Amino acid sequence: MCGIVGATAERSVSGILLEGLRRLEYRGYDSAGMAVWDGELIHRLRREGKVQALADALDGQPLTGSAGIAHTRWATHGKPSEHNAHPHMSGTSVAVVHNGIIENFEELKSELMISGYNFSSQTDTEVIAHLLDQAIKSGADHLSAVKDTVASLDGAFALGVIHEDKPGELIAARQGSPLVIGVGIGENFIASDQLALLPVTDRFMFLEEGDIAHLTRDEITVWDINGEIVEREVTQYKHATSATEKGKFKHFMMKEIYEQPTVTLAAFQDRIQDALVNERAFGEQAAPIFDQVKQIQIIACGTSYHAGLIAKYWMEGLAGIPCHVEVASEYRYRPVVIQEGTLFISISQSGETADTLAALRDVKDQILASLTICNVPGSSLVRESDLCLMTNAGPEIGVASTKAFTTQLVCLLLTTLVIGRRFKITEALERQIVESMMLLPALIEESLQMDSDIELMSQAFAEKQHSLFLGRGTLYPIAMEGALKLKEISYIHAEAYPAGELKHGPLALVDKDMPVVTVAPRNDMLDKLKANLQEVSARGGELFVFAGCTQKVQSGEGVHVLGMPDMPEILEPIVYTIPLQLLSYHVAVLKGTDVDQPRNLAKSVTVE
Ligand code: M6R
């Protein structure tokens, strides 16, 4: 989604803004722009396409000045084009960057047109620039103009504003879309996320919903939703800056796949005490809340939803706790029945996904409590949930989620154990599962060694239009996740089915042009799965089966078995994810797609 960067400093800010935009590229975008105040006037440059196109334009037409705002746009209203790119201006006086959607922009636009404003874009953002100009022309100072303008907007947004009459000043507003202030020494910044500002600061202030901030080089003032001046805590960024660099890898996605032995360990090691899960890891209030849980409602989107589906098998199968899982965009728009004692668990890498956040806000008054499993400290879901368990995966830059998913699974397993203690999970079972978890980093490491075999296998997919992914039990959501990864980055149509559904329809699709990927469980479903494989083979389908050696699935004509390490059944969904990530990666590389920033997608989906 759109990315915002802003800076006010003694030095010229355009380099800081450009680097900030590069670091926000991972969020997904289709045009980029910058506006810089040079002491007298605001100068603006915008380009359709990559940040590099803007950088090239800046080479020929440098923007120098000590305050500025910049933006990467992910089109919502109006196609990707230079005219629709941000910053948007009203005349020459005010420039605005915006992330989010203004729901009442058509109504506001009509009123502004009647007042004589001309529009040069199809965006919802341009109304903000004109509303600010109108307020200032009617006598408001520019801070009150922002406050009045924000009050007239419906929807979710984060804004950055500069004005030509306000030397070195930057105004920021947050309502529903993320925005963070970077606190420097004699310079201050704003951005959609911390990663954009790491070259210039490691101290951050997270704005709350409804906050408006005024920044100069030396001062930051924040007003809350009620117009009161408030102090917002300044926190230190903890991850090494190398976390945001590719290192020896060609793509962030591959780097993140290879980080999984380390990050899955980081997701559980400090949370285990005497071979049991320490429930204080969930927050001080966790124990009394968990004591009252009667059922679980999990809400998430995309990959995080797949993690939730696996948690359902664990919550119900291991712990005997009723557990429902639903995608946030469905759940929030239907009448729901929330039973007493419901723990609402949101799962999200970014902690800013608009639908997941809205679902939490909608049910807050009806649930026992909320827990979020999240990767971004200080994100909206973390701040608005009663409890949180951080996934500790470190920044995930590739749009395709990899390490965030496996660490979510680790956290969900920890959650199953602590709540499950109050239900069916005995201490002996908990110790046994914790002991199994200790094997996880080594098992992931071992499955990464399949990389070159999978690279070879990827050739069978690169020319195909369609593919089928099959799984059973906890490996069915893993098949869904494998299919999503392939779709996302290689643009091959991939469908996932529970293998038992094969003859209820999808078998009709199977022929030599439809590769079928299967993840084979080691449980009592194996024989049934083998029967499903026969059905595919008999119709000339080419099968790729990921199975351990004890599974006794044989390679043969049209059947390629890729050997997985043997492992405790509880770890299968986590470890079997790895080869499917590698497969999608290698297919995408063969096809030459943009692996880290696949077309049309955004990393953090902050609009619904
Ligand atoms: O940040 P979230 O986990 O809430 O994001 C949810 C989805 O948008 C996300 O998982 C998406 O499906 C990924 N690009 C999948 O790789």
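In this predicted model, the ligand is surrounded by 15 residues, and the closest of them are Ser 304, Ser 348, Gln 349, Thr 353 and Glu 488. By residue class, the shell around the ligand divides into five nonpolar, eight polar and two charged residues. Helix H9, which spans 302–317, and helix H18, which spans 475–490, each supply at least two residues of that shell. At the level of domains, both domain 2 (253–438) and domain 3 (448–594) give residues to the shell, and the ligand therefore lies between them. The space that the ligand takes is the second largest pocket.

Three polar pairs between the ligand and the protein are set out below.

| Ligand atom | Protein partner | Distance |
|---|---|---|
| Nitrogen | N or O atom in the side chain of Glu 488 | 2.5 Å |
| Oxygen | Polar side-chain atom of Lys 485 | 3.0 Å |
| Nitrogen | Polar backbone atom of Val 399 | 3.0 Å |

Taken alone, the ligand exposes 410 Å², of which the protein buries 91%. Glu 488 thus appears twice in this description, as one of the closest residues of the shell and as the partner whose side chain places an N or O atom 2.5 Å from a ligand nitrogen.

Two features of the backbone also deserve a note. Most residues other than glycine have a negative phi, and most peptide bonds are trans. His 86 and Pro 87, however, are joined by a cis peptide bond with omega at about 0 degrees, and Pro 87 is found in the loop between strand S4 (67–73) and strand S5 (88–90). Ala 275, a residue other than glycine, has a positive phi near 60 degrees, and Ala 275 is found in the loop that runs between strand S16 (272–273) and strand S17 (276–277).

How values were computed
Residues numbered from 1 in each chain as written. Predicted model: local features only at pLDDT ≥ 70, side-chain atom pairs only at ≥ 80, totals over all residues. Heavy atoms only, no water. Near = heavy atom within 4 Å. Polar contact = N/O pair within 3.5 Å; in protein donor to acceptor, adjacent residues only side chain to side chain. Areas by Shrake-Rupley, 256 points an atom, 1.4 Å probe, with all protein chains shown as cover. 1 Å grid on protein atoms, 1.4 Å probe; cavity = no way out; pocket = protein on both sides within 12 Å on 5 of 7 lines; lining within 4 Å. Sits in = over half its atoms within 2 Å of the grid points. Helix = DSSP H or I, 4+ residues; strand = E, 2+ residues; numbered from the N terminus. Nonpolar A, V, L, I, M, F, W, Y, C, P; charged D, E, K, R; others polar. Domains from an automatic or database assignment.
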